[in-house]
Amino acid sequence: MNNTENIFYMDHPLIQHKISMLRDKRTGTNEFRKLVEEIAVLMGYEAFRDLPVEKAEIETPMEVCQSYMITGKKLAVVPILRAGLGMVNGILTLVPSAKVGHIGLCRNHETHEPEEYYCKLPSPIEERTIAALDPMLATGGSAVAAVDFIKAHGGRQIKFLCIIAAPEGVERLHKAHPDVQIYCGCLDRCLNEDAYICPGLGDAGDRIFGTK
């Protein structure tokens with residue numbers, strides 16, 4: 001995993017292999033959905049390696065020992081609707097006790113900027129490590145807006161997980177929120193004139209849910 005200044009790029013062979021399968025236009029809805037979930041598991045494993053732990057007394061079948069448990073309030077998972085929903089089950093596979101919130105944003109196709117239509121977060125959000133999820137980090141507008149909303153509700157320990165990103169989106173999110181850890185499966189070349197990531201994988205929401 002390559003990283004610099006709170007930006008982490010995943011170089012694990014399994015992540016890269018599965019992303020290549022996601023890109024393929026022949027990959028159907030069911031397989032695409034499963035791949036997104038599997039990638040979220042692999043990315044979460046890396047992203048949560050710094051969760052705080054404390055010693056706990058555990059009684060094994062052999063004896064009592066001191067072992068480690070995650071400490072404090074559990075993780076909060078906050079997908080950006082609707083594509084972010086595809087990553088939720090992957091994260092919950094790792095941390096089943098995590099609370100789940102939702103942020104609803106849609107992109108104005110003329111301005112390419114996000115518009116909010118829903119925001120519901122677990123409470124107390126300020127005591128949790130928060131994983132904001134969106135498969136695509138394109139212009140960065142939705143990501144910045146989502147983090148703005150989380151912080152406005154008191155969230156402070158925020159990680160942003162995306163599968164594919166454009167340099168423009170990474171730069172915009174990092175500039176607006178340098179304290180947020182960005183975990184990216186693959187950094188692509190650029191955005192096109194319609195603000196879609198190239199080479200990308202198309203519209204993640206459409207491919208996850210089988211819509212157009």
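The legends below describe an overall view and several close-ups of a predicted model.

**Figure 1. Overall view of the predicted model, with 6 helices and 14 strands.**
The radius of gyration of the protein is 17 Å, close to the 17 Å given by the globule rule for 212 residues, so the protein is as compact as a globular protein of that length. The C-alpha trace spans about 65 × 40 × 30 Å along its principal axes. Of the 212 residues, 46% count as buried. Among contacts in the protein with a separation of 6 or more, 63% are made by residues 24 or more positions apart.

**Figure 2. Close-up of the packing of helix α2 against helix α3.**
Two packed helices are described by the angle between their axes and the distance between the axes. Helix α2 covers residues 29-47, and α3 covers residues 85-94. Their axes come within 7 Å and cross at roughly 45°. That angle makes α2 oblique to α3, because it falls neither under 35 degrees nor in the range of 65 to 115. The crossing of α2 past α3 is right-handed. On the α2 side, the contact is made by Val36, Glu37, Ala40, Val41, Gly44 and Tyr45. On the α3 side, Gly86, Met87, Asn89, Gly90, Ile91, Thr93 and Leu94 take part. Sorted by class, this contact has 7 nonpolar, 5 polar and 1 charged residues.

**Figure 3. Close-up of the packing of helix α4 against helix α5.**
Helix α4 consists of residues 141-152 and helix α5 of residues 167-176. The two axes come within 8 Å and cross at roughly 25°. Angles under 35 degrees count as roughly parallel, and α4 and α5 are therefore roughly parallel to each other. α4 passes α5 in a right-handed crossing. From α4, the residues in contact are Gly141, Ala143, Val144 and Val147. From α5, they are Arg172, Leu173 and Ala176. By class, the contact has 5 nonpolar, 1 polar and 1 charged residues.

**Figure 4. Close-up of the cis peptide bond between leucine 81 and arginine 82.**
Most residues other than glycine have a negative phi, and most peptide bonds are trans. The bond joining leucine 81 and arginine 82 is cis, with omega about 5°. Arginine 82 sits in the loop that runs between β5 (76-81) and α3 (85-94). Helix α3 is also the partner of α2 in the packing described for Figure 2.

**Figure 5. Close-up of the cis peptide bond from serine 123 to proline 124.**
Omega of this bond is near 0°. Proline 124 is part of the loop between β8 (114-120) and β9 (129-133).

**Figure 6. Close-up of asparagine 6, a residue with positive phi.**
Phi of asparagine 6 is near 70°, and the residue is not a glycine. Asparagine 6 is located in the loop between β1 (2-4) and β2 (7-9). With a relative accessible area of 26%, asparagine 6 is partly exposed, because the value lies between the limits of 20% for buried and 50% for exposed.

**Figure 7. Close-up of alanine 195, another residue with positive phi that is not a glycine.**
Phi of alanine 195 is about 65°. The loop that holds alanine 195 connects β13 (190-191) and β14 (197-198). The relative accessible area of alanine 195 is 7%, so the residue is buried.

**Figure 8. Close-up of cysteine 190 and the residues around it in contact.**
Cysteine 190 lies in strand β13. Its relative accessibility is 23%, so cysteine 190 counts as partly exposed. Leaving out residues up to four places away in sequence, cysteine 190 touches Ala166, Pro167, Glu168, Tyr196, Ile197 and Cys198. Cysteine 190 and glycine 200 are 10 residues apart in sequence, and their C-alpha atoms are 9.0 Å apart in space.

**Figure 9. Close-up of glycine 202 in the loop between β14 and α6.**
The helix that follows this loop, α6, covers residues 204-209. Glycine 202 has a relative accessibility of 42%, so it counts as partly exposed. Between glycine 202 and aspartate 50, the separation is 152 residues in sequence and 32 Å in space, C-alpha to C-alpha.

Key:
Residues are numbered from 1 along each chain as its sequence is written. This is a predicted model: local features need pLDDT of at least 70, side-chain atom pairs count only at pLDDT 80 or more; totals for chains, interfaces and linings use all residues. Side-chain values use heavy atoms; hydrogens and water are left out. Helices (H or I, at least four residues) and strands (E, at least two) are DSSP runs, numbered from the N terminus. Buried means under 20% relative accessible area, exposed over 50%, partly exposed in between (1.4 Å probe, protein chains only). Axes are lines fitted to C-alpha atoms, for helices over the stretch in contact, and angles run from 0 to 180 degrees between N-to-C directions. Angles under 35 degrees count as roughly parallel, over 145 as roughly antiparallel, 65 to 115 as roughly perpendicular and the rest as oblique. A crossing is left-handed if the near helix is turned anticlockwise from the far one by less than a right angle, and right-handed if clockwise. Contact means heavy atoms within 4.5 Å. Ala, Val, Leu, Ile, Met, Phe, Trp, Tyr, Cys and Pro count as nonpolar, Asp, Glu, Lys and Arg as charged, and the others, Gly among them, as polar. The radius of gyration is taken over C-alpha atoms; the globule rule is 2.2 Å times the number of residues to the power 0.38.
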